[in-house]
Amino acid sequence: MPKQPSLHRAKREKNDEFYTQYQDIEKEMNAYLEYNPDVFKDKTIWLPCDDPEWSNFTKYFAQNFENFGIKKLISTSYAANSKPKDIPYQPTLFEIESPKFDKKKTRSHGKIFILERDINKDKKININDLEWNYLKGDGDFRSSEIKKLRNEADIIITNPPFSLFREFLAWIHDAKKQFAILGGQNAITYKEVFPLIKNGEVWLGATYSTKMYFAVPSETHRVGSESINGKNMQFLGNIRWYTNIDHGRRHQPLALMTMSDNLKFSKHKEIRKNGYRKYDNYDAIEVPFTDAIPSDYKENMGVPISFLDKHDPSQFKIIKFRKGKDGKDLTYTVSDNGDIERERERGRKITPYFRIVIRRKEV
Ligand SMILES: C[S@@+](CC[C@H](N)C(=O)[O-])C[C@H]1O[C@@H](n2cnc3c(N)ncnc32)[C@H](O)[C@@H]1O
């Protein structure tokens with residue numbers, strides 16, 4: 001068994017080299033296009049923190065440039081010298097054979113690729129028309145050079161460095177741009193991220209996977225990576241898209257049973273046996289499974305964070321996150337004799353993992 005790779009470990013080790021697969025990008029973008037076929041039309045799309053020479057983000061948008069009616073595609077990369085020392089780097093033949101190739105800059109400077117016009121005069125704008133140059137600096141998204149590109153963009157799409165996720169999200173959110181970026185599911189719980197989700201400024205993408213594979217350099221990912229079709233790949237659990245681009249899944253209310261039907265017919269034994277418990281430190285019931293949310297309950301309910309994968313904002317309102325009135329995590333008491341009121345002091349306390357408090361929207 002390969003050792004379980006973890007996003008946490010990747011962040012701790014500041015290991016940010018995970019390259020997204022084409023089909024994962026395509027699936028998510030298709031959901032935006034299905035909802036609004038003109039979502040990318042006349043837009044400047046910027047792909048930061050990329051590796052334009054072989055990134056699937058660049059490939060996907062360059063291939064679909066005319067199809068989507070994109071105005072301009074910009075893609076930028078981070079300099080090899082600014083990455084951890086053990087990340088392998090070799091300039092591509094494309095770069096070496098270009099008259100612009102600079103032996104010094106190739107390691108110390110980031111690169112920019114722009115697709116905007118028909119360079120080779122074949123009457124098509126596609127991947128063969130990408131123009132490139134070295135950036136003035138290393139391509140760090142926090143630099144003033146990159147900030148200018150951010151301001152020019154209408155839509156920002158990437159898989160940013162996992163170790164800088166909070167900073168990256170705040171950075172694009174501040175610029176009030178449309179975006180879709182990848183991050184771990186746990187980022188929902190960050191104090192910088194949850195308020196944006198609660199206020200409906202950021203939501204989860206339309207697609208997700210509990211096991212998403214990324215291409216990784218073999219030198220930095222010896223543990224847990226596997227060779228798939230000749231490529232060194234590694235999976236990470238619970239990766240999500242964070243976006244403010246609308247998609248259809250946000251407009252599909254969950255089909256739910258009433259409370260009394262849940263108590264009789266829920267597929268979860270726990271619900272049939274114990275019903276819905278009340279928290280000790282907040283006026284809400286504990287609903288341990290999204291599909292056990294009672295459709296007719298009008299008060300507050302605590303649900304797992306995976307609820308957000310199914311959230312339709314016209315159906316439920318997000319009230320708060322995680323903490324009860326005492327500032328501590330939501331907790332309930334389990335009592336064997338069933339008399340919770342008498343047992344509150346002595347009974348067994350259960351604190352379920354991160355809960356989000358929601359309430360049904362009045363229709
Ligand atoms: C998770 S990888 C994703 C690469 C690419 N977007 C993809 O999905 O195929 C993040 C990339 O951001 C780069 N990076 C790390 N810190 C950065 C920074 N401060 N500014 C810009 N890029 C950075 C990393 O070197 C890495 O190549």
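Guide: A quick bit of vocabulary first: two strands pair if DSSP finds at least two bridges between them. Also, what you're looking at is a predicted model.

Visitor: Okay, how many helices and strands does the protein chain come to?
Guide: The protein chain has 363 residues, and its C-alpha trace spans about 80 × 45 × 40 Å along the principal axes. Its secondary structure comes to 12 helices and 17 strands.

Visitor: How many Å separate the centres of domain 1 and domain 2?
Guide: Let's place the two parts along the chain. The domain assignment gives domain 1 as 7-251 and domain 2 as 259-360. Taken over C-alpha atoms, the separation of their centres is 38 Å.

Visitor: And which element gives the most to the side of domain 1 that touches domain 2?
Guide: Where the domains meet, 11 residues of domain 1 are in contact with 8 residues of domain 2. On the domain 1 side, α9 (194-198) and β8 (203-215) each supply at least two residues. The element that gives the most there, with 3 residues, is α9.

Visitor: Let's move to the ligand. Which residues around the ligand come nearest?
Guide: The shell takes in 10 nonpolar, 6 polar and 6 charged residues. β1 (19-20), β2 (44-50) and α3 (56-63) each supply at least two residues of that shell. Of the 22 residues around the ligand, the nearest are Thr20, Cys49, Tyr78, Asn159 and Pro161.

Visitor: Tell me about β2. Is β2 largely enclosed or largely open, and how many of the residues of β2 are buried?
Guide: A residue counts as buried if 20 or more other C-beta atoms lie within 10 Å of its own. Across the protein chain, 34% of the residues are buried. β2 is largely enclosed by the rest of the structure, because its buried residues number 6 of the 7.

Visitor: Which residue in β3 does Asp50 stand opposite?
Guide: β2 and strand β3 (residues 72-77) run parallel and are joined by 5 bridges. Opposite Asp50, in β3, you'll find Ser77.

Visitor: What is the bridge partner of Ile45 in β6?
Guide: β6 covers residues 155-158, and β2 pairs with it in the parallel sense over 2 bridges. In β6, the partner of Ile45 is Ile155.

Visitor: One last thing: what percentage of contacts between residues at least 6 apart in sequence join residues at least 24 apart?
Guide: Here, two residues are in contact if their C-beta atoms lie within 7 Å. Counting contacts in the protein chain between residues at least 6 apart in sequence, the share joining residues at least 24 apart is 68%.

Methods: Residues are numbered from 1 along each chain as its sequence is written. This is a predicted model: local features need pLDDT of at least 70, side-chain atom pairs count only at pLDDT 80 or more; totals for chains, interfaces and linings use all residues. A residue is near a molecule or strand if its C-beta atom, placed from the backbone, lies within 6 Å of it. Helices (H or I, at least four residues) and strands (E, at least two) are DSSP runs, numbered from the N terminus. Ala, Val, Leu, Ile, Met, Phe, Trp, Tyr, Cys and Pro count as nonpolar, Asp, Glu, Lys and Arg as charged, and the others, Gly among them, as polar. Domain bounds come from an automatic or database domain assignment. A residue is buried if 20 or more other C-beta atoms lie within 10 Å of its own, exposed if 12 or fewer, and partly exposed in between; C-beta atoms are placed from the backbone.
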